[in-house]
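Got the viewer open and a hand on the mouse? Let's take a walk through this one, stop by stop, with something to select at each.

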Amino acid sequence: FISVSAPSDTGHAWIDSLVSPSGSSPDLAFADCSGLFQYLSALHWSMTQMTPASMQVVPTNTPERVVNLICVLAGCIFFSSIVSSLSTKMMQYRMSESSKQAKEDTVRAYLSDRGISS
């Protein structure tokens, strides 16, 4: 996300936005912060795109918005595949248990028909 921080069609970039728009240091932009803070902000942003978390960094030009959309789409695909895998495993487990229960019921019915206590 840092690599698309150069101004483009809008003349703005996320790195030029204020670190804390309503905070204690209103004149501090992300560009004025250390490289580590910029990297951690970009990492935080990328993680929030994959989860329902929020972040004060927003895309301000077309390349940033494209990266944002790609990340959101990748997050949707990633989490939907996790949900799909979990659903598949649960259905396999239920079918396995259902099959076991059916076999037990068949054995019980056979024993009951023959007058054998189970």
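Start by selecting L36, Y39, L40, L43 and M47: together they make a nonpolar surface patch of about 510 Å². Keep in mind as you look that this is a predicted model.

Click on L36 within that patch. L36 lies in helix α1, and at 57% relative accessibility it counts as exposed, because the cut-off for that word is over 50%.

Now go to M47, another member of the patch. M47 is found in helix α1 too, a helix that covers residues 35-49. Is M47 buried or exposed? M47 is exposed, with a relative accessible area of 51%, so it passes the over 50% cut-off.

**Into helix α1**

Stay in helix α1 and select S41. Here the picture is another one: S41 is buried, with a relative accessible area of 6%. Under 20% is what buried takes, so S41 qualifies.

Which residues does S41 touch, leaving out those up to four places away in sequence? Show W14, F30 and M55 alongside S41, and you have them.

**Across to helix α2**

Next, select residues 62-113, which is helix α2. How many residues does α2 have, and how far does it reach? Count 52 residues, and put a distance label from the first C-alpha to the last: α2 reaches 75 Å, close to the 76 Å expected at 1.5 Å a residue.

Colour E64, N68, C71 and G75 in α2, as these are buried. Part of what covers the buried residues of α2 is α1, the helix you have just been in.

Two of these residues deserve a click of their own. C71 is buried, with a relative accessible area of 16%. G75, also in helix α2, has 5% relative accessibility and counts as buried; both values are under 20%, so both residues get that label.

With C71 and G75 selected, bring M47 back. Draw a line between the C-alpha atoms of M47 and C71: they are separated by 9.2 Å, with their positions 24 residues apart along the chain. Then do it again for G75 and M47, which are 28 residues apart along the chain, and the C-alpha separation reads 9.3 Å.

While you are on cysteines, find C76 as well. C76 is partly exposed, with a relative accessible area of 48%. How many disulfides are there? The count comes to 0.

**Charged pairs along α2**

Move on to the salt bridges; the structure holds 2. Side chains of opposite charge can pair when their charged atoms come close.

For one of them, select K100 and E97. Their closest N and O atoms are 3.6 Å apart, and they form a salt bridge. Both residues lie in helix α2, 3 residues apart, which is about one turn of the helix. As for how open they are, K100 is partly exposed at 46% relative accessible area, and E97 is partly exposed at 32%.

For the other, select R108 and E104. This salt bridge has its closest N and O atoms 3.7 Å apart. Why are R108 and E104 separated by about one helical turn? Because they are 4 residues apart in helix α2. An α-helix has 3.6 residues a turn, so residues three or four places apart point the same way. R108 is partly exposed, with a relative accessible area of 46%, and E104 is partly exposed too, with 39%.

Keep going past the end of the helix and stop at G115. G115 follows α2, and its phi is positive, near 75°.

**Zoom out**

Finally, show the whole chain. What does the secondary structure come to? You should find 2 helices and 0 strands.

Switch on the surface: the accessible surface of the protein chain comes to about 8,300 Å², and 64% of that belongs to carbon and sulfur atoms. Of the 118 residues in the chain, 20% count as buried, S41 and G75 being among those you have clicked on.

One last view is for contacts. Take the contacts in the protein chain between residues at least 6 apart in sequence: 46% of these join residues at least 24 apart.

Methods. Residues numbered from 1 in each chain as written. Predicted model: local features only at pLDDT ≥ 70, side-chain atom pairs only at ≥ 80, totals over all residues. Heavy atoms only, no water. Buried < 20%, exposed > 50% of the residue type's maximum accessible area, 1.4 Å probe, protein only. Contact = heavy atoms within 4.5 Å. Disulfide = S-S within 2.5 Å. Patch = residues over 30% accessible without salt bridge, like charges linked within 9 Å, V, L, I, M, F, W, Y side chains within 5 Å. Areas by Shrake-Rupley, 256 points an atom, 1.4 Å probe, with all protein chains shown as cover. Salt bridge = Lys/Arg side-chain N within 4 Å of Asp/Glu carboxyl O. Expected span 1.5 Å × (residues − 1).
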